[in-house]
Protein chains: 2
Amino acid sequence: MTVRFKGKAPSRRAFLKGTLASTAGMVAGAGAASAATPDPLITQKQEWAMGLGDGVDATPYGLPIQYEGDVIRRNVEWLTADTISSINFSPIHALDGTITPQGCAFERHHSGAIDLKKEDYRLMINGMVDQELVFSYEDLERFPRVNKTFFLECAANTGMEWAGAQLNGAQFTHGMIHNMEYTGVSLRTLLEEAGVKPEGKWVYVEGADASSNGRSIPIEKALDDCIIAFKANGEALRKEHGYPARLVVPGWEGNMWVKWIRRIEITDQAIESREETSKYTDTLEDGTSRKWTWVMDAKSVVTSPSPQSPIKHGHGPLVITGLAWSGRGAITRVDVSKDGGKTWETARLANPGQPMALTRFYLDTQWAGEEMLLQSRAVDETGYVQPTKAMLRETRGENSIYHNNCIQTWWVKADGEAENVEVS
Amino acid sequence: MTVRFKGKAPSRRAFLKGTLASTAGMVAGAGAASAATPDPLITQKQEWAMGLGDGVDATPYGLPIQYEGDVIRRNVEWLTADTISSINFSPIHALDGTITPQGCAFERHHSGAIDLKKEDYRLMINGMVDQELVFSYEDLERFPRVNKTFFLECAANTGMEWAGAQLNGAQFTHGMIHNMEYTGVSLRTLLEEAGVKPEGKWVYVEGADASSNGRSIPIEKALDDCIIAFKANGEALRKEHGYPARLVVPGWEGNMWVKWIRRIEITDQAIESREETSKYTDTLEDGTSRKWTWVMDAKSVVTSPSPQSPIKHGHGPLVITGLAWSGRGAITRVDVSKDGGKTWETARLANPGQPMALTRFYLDTQWAGEEMLLQSRAVDETGYVQPTKAMLRETRGENSIYHNNCIQTWWVKADGEAENVEVS
């Protein structure tokens, strides 16, 4: 496969001259206009410019326009026994930038999304503290607040790929993720209010839903950057994201970000709950499992082109874009390969990487219809480089579920369609 | 009026001991628990923990939970002749952080929000260019993209206040604003594609709606930081924000951020359109008007407590919060006064100010039920200090509409309710 973009890219105007003439047309007076077919849109009556649109009373709370009706969360029926314990994947193939709107942000429940009013909400801190406390929602609002943007990634994101290329689309292979600006109270503030005793080495956090989804977190992390969040992207958390309050555990697996958080018990050891023994452990090549692999290692994926976002335009300029993230800090570099990892080009980061938040990357390139084996490879501020699937399988085998941060490959064909494949 | 917070704030635990006992209760075993009334929520059956919640199929695209049904855009009937030329204000009194969700982000139209499909969308660049061009939506997606977060403020925001304290609520006095992460193509990129001739000194931009809402912009600004945006907060622009593409003019008045942008004409002088002569000019004290006051000067407002967000909890810890912004760069400091501007305390910025984007500030303080005349005062990186209303009136009089960036005053009463007032 030939790698394009070896030298200076052809002028984009050359591309426009070549392709726009037949689709949109040059306007009168332009040099190349004599060859252009008149644009039917310019000669026809444009109804949107001939009348009045909607008044502001139409949308007290707006939704996406009807033409974006496919940009929604989707689940995969065979993945779980029931929708109350299932996954709704973010449509990352159709998004850009870094913020995930709450309306289409990944959700996963263990016993369904519960309906919990602010006035019924309580948060208890108990166990090894000087003063056990119960906070109402209103109490939480009286403590100093923090604002931070973080990604949440489910430990099972990309988990189906351990056994080989399976689901055909970035939404399904990498969509158990979202990135929001959180507002809330530092967990440290609340723990200091209660006073953690010297023997308190862990916190056990649980939610108000029937599953309770209890998890143990080392006290060092609890006192570092965790947040009891009540707002995301400026407004109240959505029901499916833990309204009225959830735990934010920056950089760590999503299952620990307990929703509808109701209790924080300070203990001297981990609880070893169901969620940290039978689940959220990593099966290894030798058949044993390892637990407490909380941090989400550096990872990336090309979101477009991808199976759900094929190249529909002609040859010439092509924007390759995707997302990168790391639970260990900021993304410092993303490389893109068009030939399955043989050669790499360094992508452009839209903005400098932020710690434990999604980073958008772009490769502005040219495409002449050649097949591509598209990959992206993230590097974070610790120097960690995203591994290949083969490298991960050496220790992890093929029977794991969690923590698959391997390099993803999309096979882009001559017609612009893309498919999830493995390269060896 | 006494200014509180003169020394070290009382321990928040002392506050919790004093007030939680009667509302939420201390848990068993705690030192103060003997005096606590058992929390009915802890002894009653909690239905949300006893059954299953919603499955993920319930919300392919989610909306806020029913209990947040009042956090919506609102219009003011008497402001305009018809809703198609009216304003829907952001509920900033109920938001936190800095991102404004699209669903409740301020909208203003001149002839209603139009329905324009991507396949019908065209953007023309004509006039003093080497090559006039027409882009389809798909063409725009083939150019290198940028991602930036900016505030948009309507020039008329706070405009009703020229004549005195009027509308009672931050949503109505300051809600013609939103702050989003935009993805799109730099306008400079497109202008360079067309090739601006040396005599081209202005661009005239117009939208595809019936009003066309044409505005002239100096070529220096057009080549600086303007964006043809197609996504906001990660997803497609909403219909009411200009789907499928709008102009972003960082720091400049919202009317110039033309929605459904269809044409950019390069000219040697300003067009002097209706929108820049009969509207969007500033009436002065002497009865004359000045035009081309494009930049939105530094401004801030306390969003809570405020008339729509009264203090409902008891005395003790209180979080005062608000927003600050400047069209000339980053916010560097916000001061808060509780006594109508006699004395000031420096607020805490949630994060370092970003150029031409909303900045969230907090003042973590104590309240013992005293009346307050709450104000906030923004300072930007140029050293500009937000003025009082009296200072603005010296040159502008009381008959202006636009560009009122005065310091706002909320009178907080002993019962925690707040009212829009003026101080002299």
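In this predicted model, 119 residues of chain B are in contact with 121 residues of chain A. The area buried between the two chains is about 10,000 Å², and carbon and sulfur atoms give 55% of that area. On the side of chain B, the three residues B:W48, B:V56 and B:R142 supply 9% of the area this chain buries against chain A, more than any other three residues.

Polar and charged interactions also cross the interface. The rule finds six salt bridges between chain B and chain A. One of the residue pairs joined in this way is A:E68 and B:K118, whose side chains meet at 3.2 Å, N to O. Residue pairs in polar contact across the interface, with both members at pLDDT 80 or more, number 58. Among the elements of chain B, helix α1 (residues 12-23) gives the most to the side that touches chain A, with eight residues.

The composition by class of the side of chain B that touches chain A is as follows.

| Class | Residues of chain B |
|---|---|
| Nonpolar | 49 residues |
| Polar | 33 residues |
| Charged | 37 residues |

The relation between the copies can be stated in terms of a rotation. A turn of 180° and a shift of 0.0 Å along the axis lay chain B on chain A with an RMSD of 0.0 Å. The two copies are therefore related as by a two-fold rotation axis. Within chain B, the C-alpha of B:P101 is the nearest to this axis, at 3.7 Å. The same surface serves both copies, in that 100% of the contact residues of chain B recur in chain A.

Definitions and conventions: Residues numbered from 1 in each chain as written. Chains lettered and ligands numbered in written order. Predicted model: local features only at pLDDT ≥ 70, side-chain atom pairs only at ≥ 80, totals over all residues. Heavy atoms only, no water. Contact = heavy atoms within 4.5 Å. Buried area = accessible area lost by both parts, 1.4 Å probe. Salt bridge = Lys/Arg side-chain N within 4 Å of Asp/Glu carboxyl O. Polar contact = N/O pair within 3.5 Å; in protein donor to acceptor, adjacent residues only side chain to side chain. Helix = DSSP H or I, 4+ residues; strand = E, 2+ residues; numbered from the N terminus. Nonpolar A, V, L, I, M, F, W, Y, C, P; charged D, E, K, R; others polar. Least-squares fit on C-alpha atoms with pLDDT ≥ 70 in both.
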